[in-house]
Amino acid sequence: MSSDEIAVIGVGQSAYARNLGASTPDLVFETVNRALVDAGITMADVDVVVGGFAPDGLAGEASPDKSFLPAAGSVGRASFRVNTGGATGIGAAFSAMEWLEGGMGDVAVVVAAERMAQAVTVPAIFNSIFDPVYERDTGLSTLSMCAMRATRMMKLWGYTREQWASVSVRNYAHALRNPYAQIRKRITVDDALNSRMLVWPIAQYDACPISEGVCVVVLARGAAVGRSSRPVAWVRGRGSTSDTYEMGDRIGRPEGDLVELLSLQRSADRAYAQAGISSGHDAQVIEVHSPFSSAETMAYMPLKLCQAADGPELVASGFGAWGTATVLQPSGGPQTANPVGATALVRLAECAEQVRGTAGERQVPGARIAIATGQGGASQFSTCTVLSAN
């Protein structure tokens with residue numbers, strides 16, 4: 001392998017729950033050590049620590065990096081914090097990759113944390129991410145924004161609540177294999193349809209829970225991969241694209257409608273070209289950053305799994321279920337654990353575990369190529385990463 005190539009050589013995750021009793025430094029310290037053990041190296045091998053922590057208002061404390069970065073081993077090393085909303089975790093990972101590719105070091109620890117149960121400001125944060133001139137005065141929230149997109153998908157492409165309920169059923173079933181998942185229960189389509197309505201057409205089992213937790217990945221340049229005694233996952237392609245802030249400007253435009261996720265299309269195009277693949281069907285595993293079942297189906301066209309109008313048919317075919325050629329959300333996905341500041345890094349970590357063959361009970365047999373996505377803000381930030389076993 002080229003000395004400039006990047007690999008994931010270790011992964012560590014905490015349990016994910018609505019409220020974790022331990023302090024943030026303790027959780028970070030334990031999870032970083034878990035990742036280092038998984039990588040077969042020590043902190044002495046690490047050159048840079050990159051922390052991902054979403055807005056301070058979600059952490060319940062000012063400048064949380066002052067405590068969580070030292071707990072991750074930053075003292076005596078280069079370190080910095082990244083915040084890109086829901087894409088924070090993968091933003092931190094991409095920043096670390098750029099650092100290593102620039103020759104600034106050989107090994108990086110990337111740690112992403114979420115502690116939103118500590119804060120009383122969470123609703124205000126989520127309700128103020130929209131365009132302050134036109135959209136905020138309409139009373140949009142994260143839930144109503146996602147419901148608006150869901151109803152647009154119903155109108156344009158014929159999605160139904162029953163189809164999205166079947167996506168939830170599959171994701172919940174997959175989470176039963178994942179010891180880190182916050183929600184581990186089996187549900188039926190009727191359970192999903194009859195769960196508490198949040199904002200029509202999104203009901204409780206269509207949506208993600210409120211989650212806390214820590215995720216860590218250890219990255220290494222090709223020249224340093226030999227320091228690890230464990231299997232590695234090579235980063236074969238990655239793309240990151242931003243879109244306009246105002247959602248109204250994305251509705252009905254020729255280059256891509258709001259629900260066609262132009263930013264994810266362009267990120268996937270770049271990542272696929274670098275990796276030498278042509279569609280999501282070339283992967284055995286896809287982890288989509290989608291806190292809602294409808295949001296998962298919105299990603300199908302950008303990932304080249306189908307044309308947008310064929311999405312309902314793809315869902316009806318049972319695509320993505322365990323045992324099919326491409327398994328979607330083998331971890332259960334964000335619907336079963338969504339620690340906002342870490343969740344996009346969790347997608348990368350889960351894909352790395354799959355191609356390394358270290359995913360335990362949730363291991364997809366024969367997984368050689370995996371695709372992870374990340375989303376931030378009102379879906380104006382999108383990333384796509386392709387990993388492979390060799």
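Leu-303 makes a good starting point: leaving out residues up to four places away in sequence, this leucine touches Ala-268, Tyr-272, Ser-279, Gly-280, Ile-286, Val-288, Ile-371, Thr-373 and Cys-384. Please keep in mind that this is a predicted model.

**Two nonpolar cores**

The contacts of Leu-303 lead straight into the largest nonpolar core, which has 44 residues. Within this core, Tyr-272, Ile-286, Tyr-300, Leu-303, Ile-371 and Cys-384 touch the most other members. The elements that give two or more residues to the core are helices H6 (142-157), H7 (161-175), H9, H10 (293-298) and H11 (311-316), together with strand S12. Helix H6 provides the largest share, seven residues. A second core, separate from this one, holds 41 residues, including Ile-6, Phe-94, Ala-96 and Ala-112. As a general background, nonpolar side chains in soluble globular proteins tend to be buried together.

**Strands S4 and S8**

Ala-112, a member of the second core, belongs to one of the two faces of strand S4. All eight residues of S4 (residues 107-114) are buried. Val-107, Val-109, Val-111 and Ala-113 point one way from the strand, while Ala-108, Val-110, Ala-112 and Glu-114 point the other way. Notice that Glu-114 is buried along with the rest.

Strand S8 (residues 233-242) is mostly covered too, with seven of its 10 residues buried. Each of these two strands has two pairings to look at, and the table sets them side by side.

| Strands | Sense | Bridges | Example of partners |
|---|---|---|---|
| S2 and S4 | parallel | six bridges | Gly-52 and Ala-112 |
| S4 and S7 (residues 213-221) | antiparallel | eight bridges | Ala-113 and Val-214 |
| S1 (residues 6-13) and S8 | antiparallel | two bridges | Val-8 and Ala-233 |
| S8 and S12 (residues 381-388) | antiparallel | eight bridges | Val-235 and Leu-387 |

Strand S12 thus appears in two places in this report: it pairs with S8, and it gives residues to the largest core.

**Asp-257, a buried acid**

What surrounds Asp-257, which sits in the loop between S8 and helix H9 (262-275)? Its relative accessible area is 7%, under the 20% limit, so Asp-257 counts as buried. The side chain of Asp-257 makes a polar contact with the side chain of Arg-152 at 2.8 Å. A polar atom of the Asp-257 side chain also lies 3.1 Å from the backbone nitrogen of Val-259. Apart from neighbours within four places in sequence, the contacts of Asp-257 are Arg-152, Leu-156, Arg-250, Ile-251 and Gly-252.

**Rings and charges**

How many aromatic pairs are there? The count comes to four. One of them joins Phe-53 and Phe-68 in a tilted arrangement, 5.0 Å from centre to centre with 55° between the planes. Phe-53 is in strand S2 (residues 48-53) and Phe-68 in helix H3 (residues 65-71), 15 residues apart, so to speak a link between distant parts of the chain. Both phenylalanines are buried. Tyr-159 and Trp-164 form a stacked pair, because their planes are at 15°, with the ring centres 5.4 Å apart. Tyr-159 is buried at a relative accessible area of 4%, and Trp-164 is buried at 2%.

Two arginines sit over rings as well. Arg-177 lies over the face of Trp-322, 3.9 Å from the ring centre. The charged end of Arg-238 sits over the ring of Phe-94, 5.7 Å from its centre; Phe-94 is also a member of the second core.

**Backbone details worth a look**

Three spots deserve a glance if you check backbone torsions. Trp-200 and Pro-201 are joined by a cis peptide bond, with omega of about 10°. Pro-201 is in the loop between strands S5 (197-199) and S6 (202-203).

Ser-63 has a positive phi of about 50° although this residue is not a glycine. Ser-63 lies in the loop between helix H2 (56-59) and H3, and is partly exposed at a relative accessible area of 29%. Ser-379 likewise has a positive phi, of about 65°. Ser-379 is found in the loop between strand S11 (369-376) and S12. Is Ser-379 buried or exposed? With a relative accessible area of 9%, Ser-379 is buried.

Terms used. Residues are numbered from 1 along each chain as its sequence is written. This is a predicted model: local features need pLDDT of at least 70, side-chain atom pairs count only at pLDDT 80 or more; totals for chains, interfaces and linings use all residues. Side-chain values use heavy atoms; hydrogens and water are left out. Buried means under 20% relative accessible area, exposed over 50%, partly exposed in between (1.4 Å probe, protein chains only). Helices (H or I, at least four residues) and strands (E, at least two) are DSSP runs, numbered from the N terminus. Two strands pair if DSSP finds at least two bridges between them. A polar contact is a pair of N or O atoms within 3.5 Å; within protein, one must be able to donate a hydrogen and the other to accept it, and residues adjacent in sequence count only if both atoms are side-chain atoms. Contact means heavy atoms within 4.5 Å. Rings of Phe, Tyr and Trp (its six-membered ring) pair if their centres lie within 6.5 Å; planes under 30 degrees apart count as stacked, over 60 as edge-to-face and the rest as tilted. A charge sits over a ring if NZ of Lys or CZ of Arg is within 6 Å of the ring centre and within 35 degrees of the ring normal. A nonpolar core is a set of buried Ala, Val, Leu, Ile, Met, Phe, Trp, Tyr and Cys residues joined through side-chain atoms within 4.5 Å.
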